Amino acid sequence: MTTPATTPHRSPADSPGLPRARGPLSGSVLAALAGGGTRLPETGAVRASDPYGDDLQLLLYVLYELHYRGFAGVDERLEWDPALLGVRAAAEDVFLDALRRDSGPGGNDVAEAVDALQLEPVGDDGHSVSHHLQREGELWQLREYAAVRSLYHLKEADPHLWVVPRLRGRAKAAMVAVEFDEFGAGRAEDIHAQLFADLMTDLGLDARYGRYLDAAPAQALATVNLMSLFGLHRRLRGALVGHFATVEITSPPGSRRLAEALRRVGAGVDAQRFYDEHVEADAVHEQVVRHEVIGGLLEDEPGLAADVVLGIEATGHLEDLLGDHLLAAWRDGHTALRTHPHP
Ligand SMILES: [Fe+2]
Ligand SMILES: [Fe+2]
């Protein structure tokens, strides 16, 4: 990789620090980002790694994070370092191959895939995480859930914005209309990521960006890596739209259950507001996304139907893996986090 030779371009000091390594692959990438390592992982070693495992998912996560806020002290030019991008491409191939293999039947019937979401939201067989939390979730489980989800919600809607230059007409106008709401419709205090930070503070969590990266299990990293993967690659614009549709369509029922769970354990108004807001807003968003974003995209580019289905199925698949992990840990009465039993 190139060694930054001239004036360093450091990320802002309030950016999160680099996380701890989770294996040899993430370890050598983290050493390179810290400026103390020059040996990047061999492509063969990346290809041989577990696509859903901690090491590969953390490697992807830290390389993607260079496109969001970076890490304190890490040279900002490494975002476009050719050698790091090469490692990332190998890891993306491993992840995407696994998603294509494991996510579902595939095909190109978008209407059927969307109907399935509306009839039976992802993981919603009565035993989903939100069902559990609604019925019998304890406060410590809700705090763990918020800590794990913070990786996603504190960058909520950010990766979906990357698709905008790749859309046209109806799809573009509708996508931006939904994103306008996600970003607070002109009010900083209403940005959905800010509403989630308020929820975290209400629950006694540390709401700083990236604070729970070390604590998050691989399954949680994978859900965030998925939207970064789809968002950063123009060729995967159909899958990004499928991901966005899944999030918006499955949000109202899940958010309703989570708002109830927070009320039941006596959480404050700020904690409830994030999910209450999503019950309201996403009831509108799901219609706009279905008819205008997906409808408009497929009118322009009917050949992307299979990618939209991939985006829907891959999102459901990774949500299922995360839900299984959380519920298994909680059923046994222990933490679902990797570090620090209670955030
Ligand atoms: Fe939102
Ligand atoms: Fe939304």
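What follows is a chat between a trainee and a mentor about a predicted model.

Mentor: Ground rules: this is a predicted model, where local features need pLDDT of at least 70, side-chain atom pairs count only at pLDDT 80 or more, and totals for chains, interfaces and linings use all residues. Residues are numbered from 1 along each chain as its sequence is written, chains are lettered from A and ligands numbered from 1 in the order in which they are written, and side-chain values use heavy atoms, with hydrogens and water left out.

Trainee: Let's start with the metal: which residues are the protein donors of the iron ion (ligand 2)?

Mentor: Donors here are N, O and S atoms within 2.8 Å of the metal (3.2 Å for Na, K and Ca), and since water is not among the atoms, sites may look incomplete. For ligand 2 the donors lie 2.0 to 2.6 Å away, and Glu 248 is listed with two OE entries. The full set is Glu 182 (OE), Glu 248 (OE), Glu 248 (OE), Asp 282 (OD) and His 285 (ND1).

Trainee: How are those donor residues spaced in sequence?

Mentor: Glu 248 is in helix H12 (residues 237–264) and His 285 is in helix H13, 37 residues apart, so that pair links distant parts of the chain. Helices, by the way, are DSSP runs (H or I, at least four residues; strands are E, at least two), numbered from the N terminus. Written as a pattern, the donor spacing is E-x65-E-x33-D-x2-H.

Trainee: Are Glu 248 and His 285 buried or exposed?

Mentor: The cut-offs are under 20% relative accessible area for buried, over 50% for exposed and partly exposed in between, using a 1.4 Å probe and protein chains only. By that yardstick, both Glu 248 and His 285 are buried.

Trainee: There's an iron ion (ligand 1) as well, so which residue coordinates both ions?

Mentor: The two iron ions, ligand 2 and ligand 1, are 4.0 Å apart. Glu 182 is among the donors of ligand 2. The residue that coordinates both is Glu 182.

Trainee: On to the rings: what kind of aromatic pair do Tyr 68 and Trp 162 form?

Mentor: Rings of Phe, Tyr and Trp (its six-membered ring) pair if their centres lie within 6.5 Å; planes under 30 degrees apart count as stacked, over 60 as edge-to-face and the rest as tilted. A search of the whole structure finds three such pairs. With Tyr 68 and Trp 162, the centres are 5.1 Å apart and the planes 50° apart, and the pair is tilted.

Trainee: Where do Tyr 68 and Trp 162 sit, and how many residues apart are they?

Mentor: Tyr 68 is in the loop between helix H3 (54–65) and helix H4 (82–102), while Trp 162 is in the loop between helix H8 (158–161) and helix H9 (169–182). Tyr 68 counts as buried because its relative accessibility is 17%, and Trp 162, at 24%, counts as partly exposed. In sequence they are 94 residues apart.

Trainee: Which residue lies over the face of Tyr 68?

Mentor: A charge sits over a ring if NZ of Lys or CZ of Arg is within 6 Å of the ring centre and within 35 degrees of the ring normal. Another case is Arg 211, whose charged end sits over the ring of Tyr 212, 4.7 Å from its centre. Over Tyr 68, at 4.5 Å from the ring centre, lies Lys 155.

Trainee: What about Phe 196 and Phe 274: which parts does that pair tie together?

Mentor: This pair is edge-to-face, with 5.0 Å centre to centre and 75° between the planes. Both rings belong to buried residues: Phe 196 has a relative accessible area of 0% and Phe 274 has 1%. Along with Tyr 275, they form one aromatic cluster. The pair ties together parts 78 residues apart in sequence, because Phe 196 lies in helix H10 (residues 192–202) and Phe 274 in helix H13 (residues 269–300).

Trainee: Last one: where is Ala 157, and what is its phi?

Mentor: Ala 157 lies in the loop between H7 and H8. At 3% relative accessibility, Ala 157 counts as buried. Although Ala 157 is not a glycine, its phi is positive, at about 75°.
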